[in-house]
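Welcome! Let's ask how the terms used for this structure are earned.

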Amino acid sequence: MPIKNRIKNALKTIFFYKSALAGIILLLLIIGFALYTVYSYPYEKAVADWRAGEKTWLDNPRYALPEWITLFTGGNPPKTIILSTTMESRNVKKIVVPVSGNMSYIRIDMRFDYNYDDYPSEINIFFNSTFEELNPKIEVEWIKPDGENITLKSIVLNKEDSYYISVDLDTKDLLGQIVKEKLGLNESPYILPERYLFSPLSEDILDPQKVVVLNGEYTLRITGYLYEKNSDIDVKLVVYGKVYGWAGTDNLRRPISIAIMWGTPIALSFGVTAAVTIGLIQMIIAAISAWFGGRVDDLIQRITEVNLILPFFPILLMISTFYKFSIWVLLLVVIALSMFGAGVKSYRALFLQLKEFPYVEAALSYGASNMRIVFRYLIPKILPLIIPGMVLSVADFVFLEAALAVLGLGDPDAPTWGKVINDALRDGALFKGYYYWVLEPASLLVLTAISFALIGFTLEKIFNPRLREM
Amino acid sequence: MSGERLLEVTGLKMYHVIRKGLFGGKFYIKAVDNVDLTLDRGEALAIIGESGSGKTTLGKTILRLYEPLDGKIIFDGRDVTHIRRGELKKYRRETGFVQQDPYGALPPFMSIRQILEEPLKIHKIGTKEERLEKVYKALEEVRLTPVEDFINKYPHMLSGGQQQRVVIARSIITDPKLVIADEPVSMLDASVRVEILRLMESIQKKYKLGIIYISHDLSTTKYFSSRINIMYAGKLVEGGPTREVIYNPIHPYTRYLINALPDPDANNRFVKRDVPPGEPPSLINPPTGCRFYPRCPLFIKGLCDVKEPGYTYVNENHWVKCWYYEENR
Amino acid sequence: MSMHLEVENLYLYYKTLKGIVKAVDGVSFQLKRGEAMALIGESGCGKSSLSRAILRLLPRNTYKYEGVIKLDGENVMEYSDEKFRRDIRWVKISYVPQAAMNALNPVIKVGDQIAEPLIIHTNTSKEEALEKAAKMLDIVNIPADFINRYPFELSGGMRQRVAIAMALVTDPELVIMDEPTSALDVLTQANIMNEMKDIRKKMNLTLIYITHDISVSSELADKVAVMYAGEIVEFSDAESFFKEPSHPYSKLLLYSVPTLRVDREPIYIKGQPPSLIDPPTGCRFKDRCPYRFEKCEEKPPTVSTNGGFAKCWLLEKR
């Protein structure tokens, strides 16, 4: 059937089969997303960001859920609050008063509104001080909306210093002591610093079921002394939230969105290139095998049989274990290993039938050469028959790439869906309950596979009249 | 029959090889066994036989789609029996082939224009414009007019008769001297058969084309060929001018064949036809001597089943290979 | 003698992507018991659809199926599908489908295949059915020892005989045969026709056989029905038909047959048969008819002729 009509009929049929329509819409969405990624976020930058290490992402919460999670869970989980003396804000006040000689008094107030119904995941303070020899000395105070004022710690600052409130042992002891005294307990209880700092001090604070978050304006006050003339302190307060962006973050505070975004074009191009190239190469090999017959056929068939006996996936695993290569070299390896795949056998059977068609005989009778017959007469007739299979196999290769990455054998650089799952598994994400981390890449994998499957099955119906439902 | 000799086939043999099993021996299907025939320029010859008689193999062997096992094919004064490559390609340009199933004979994914251009491209005939001109001319020749209505269509959009016209146009587009038409109308409706045959006849006369009609149907070839050869089990058994063979058949097989064919007549239903017993022999292991003897009522024991009959001439142009006739003339 | 089969205003339309195909468009005819009717026409004229309509073997895209089919005066169109399947199909009416010889199951022995309809459609034990199958083999002239062979061991003619035996094994009253000999060689065809001439008498069969080959149709036909674009344009007894058909289409069809014994230059019918989706108004043959005149724009009347009836304005004028 001519190509133009084919396409016209194909479109007609696709609209007839609702599942194909769904598949096409899904695939278009995925492709749109991939194109958006490619144009908006250069690959080099994505790889650099992905491999940058924890320092880069220090302002991000760890294990943050995606923000849209509230659509399902409800509530108002905290987002990350960052205040810094380097930024212009009326919530940050820094006063330096000379006291005597080179010494000055410094006071920094950082105020912020906290109106969420859950505690922050962490609270960190980062200091950046300038001095020659004499380190500044400061005290950190926390003032709750209800006026309670706690002096958390005194610190002699190094040039780059930090105060991780959530994990600081002194702070923990201090807070326990305060609670013991205020509530008249016999021994100091273990209180999570975030819970203490963001709740009113009462009996409830001991019971995680009853305790509530105190909403209102909080102040972090840092007071201290600078001992040199040009000495200065910059402070950054990070109150880490529990949600981040549209994809959340992983154990390294990295936004998972990087890999989710770039995983799409990589998966599509890997899957489509592998499926189409392998399909075409197998078809050409099969056509040559069937048409020439004799020794050529024998040779090709024996190679195929040997190749079929070799287990594809274990060999691929072995190769990827020995050589760490980029995803595109992996693609070449996959193509090389699949060239003489099962397709050669089944396509050859089609070509053997076709070989006997009168029009092929006619072509011989008017002098067509062997190559002309293979490429002008045999392949164009079979091509439509193998397209559904090609489309269906895209999903296979998308999964293959992901599977290698999940096993830690994929491209070490590329931010892919499989890589995200691999990271999640290594961190025990499911064990710790971070389902989003696995579900996001996994569901994209499944959606991609479904979209190709829906389209492939319909194409099969279109090109293979025996499956047609009319 | 006077005229310039176009084709002369002598002692032609073509056996198909089949292997049984991995270690089994070879078997030969003796599809064409010792066939002689001649064809003059501009002449229409019919070869009549049942399916499995080897008539299609004979046609394809003459076209050199098969390599003959033995014998000679002299075409236009040249020996083409075993030519290869360049010479074979040249021979392909000088011959045309019309097959039985017109839809199957046309690549379904090519437009009519592409289909007709293929032989021209293969033989590097003309420029692009000249080729298109030739395509137009060929389509006009087979009366697919106005050409514009057909040239960009695909085979499945045409009726069987129109498809067969395209096949005919393709077979004559390289200006061949010989066309072999293998059951050109048997898949078509009765009402268009005559039309297609008339068309072939007019082309044949116009271009002095030699045509070999291969058919199982005596009654159609009667009107479209001047000479007729009857083939049975890989051998030609009788030949001569068409009407002479039909009105005065000598070979018992020919007689049966003619007898078995009804003409439209209401009385047919009251009479039974005289049909020989049995079925045509296997060509792997055909009978010795005359291949028709196991079914023949005139069979002479010790002669027909031993020795192959030779040519016996009924008259100058009409010959038969039959011991009974030879012995009883 | 009353009629065995009466078909009145039978319609069978299919729904396709391109439109409604009017494959059988108001067909009527009558056959007496024991009569053989040849149904002739070009491919795509609806002959096979008519046979399917009589057998109620309807495809899934059937759009319209109505009319009257009477067997011995009983309207079987009123039967439920279940009743039709149980009492009529393959019991009273059986069928030899087109290319039946290639439709045999290659892994079932010939005898079992012939016995199969008997076991399915009547309450016959396997032994009895096989006995009957052996009898049928004899009737269609196949040696008895073939009962245990597989179809691939048989020649084309033998396989066709097996298909015929399958249709006859239930002792039907009416048999519909679709192109029973078109794929066979001349001698084999003549042989099977010889046998059919015996069988139809022996079993008192009413026979409808579909063919595009008019010469062959004369081998069995008592009646001839010519179908064109979904309609029967002429229905006639064989004597009148083969002597001089009434409808212009029948005439052209008959004269397009090359004759072997007499010299008569065959003619051909110009043009293509019309599409069954959008047939011409009035007479459907008018575009190809050499006798066309003004009246042909209207639907032609059914006129009785010497042998039966024909649908043509020319005949009315006379």
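**Cavities and a sheet**

The structure holds seven cavities of 30 Å³ or more. The model is predicted, so local features need pLDDT of at least 70 and side-chain atom pairs count only at pLDDT 80 or more, while totals for chains, interfaces and linings use all residues. Residues are numbered from 1 along each chain as its sequence is written, and chains are lettered from A in the order in which they are written.

Q: What makes a space a cavity here?
A: On a 1 Å grid over the protein atoms alone, a cavity is a set of points where a 1.4 Å probe fits but cannot get out. The largest cavity has a volume of about 90 Å³, a volume being the space filled by probe spheres set on the points.

Q: Why is B:Tyr232 called a lining residue of the largest cavity?
A: Lining residues have an atom within 4 Å of a point, and B:Tyr232 is among those that line this cavity, as are B:His251 and B:Lys321. Strand S10 (residues 235-241) of chain B gives the most to the lining, with three residues; a strand is a DSSP run of E, at least two residues.

Q: How do you know that S5 and S6 of chain A pair?
A: Pairing needs at least two bridges found by DSSP; S5 (residues 137-143) and S6 have seven, in the antiparallel sense, so they count as paired. One bridge joins A:Trp142 to A:Ile150 in S6.

Q: What makes S2 (92-100) of chain A an edge strand?
A: In the open sheet S2-S3-S8-S5-S6 of chain A, S2 pairs on one side only, and so does S6 (149-156).

Methods: Side-chain values use heavy atoms; hydrogens and water are left out. Helices (H or I, at least four residues) and strands (E, at least two) are DSSP runs, numbered from the N terminus. On a 1 Å grid over the protein atoms alone, a cavity is a set of points where a 1.4 Å probe fits but cannot get out, and a pocket is an open set with protein on both sides within 12 Å along at least five of seven lines; lining residues have an atom within 4 Å of a point.
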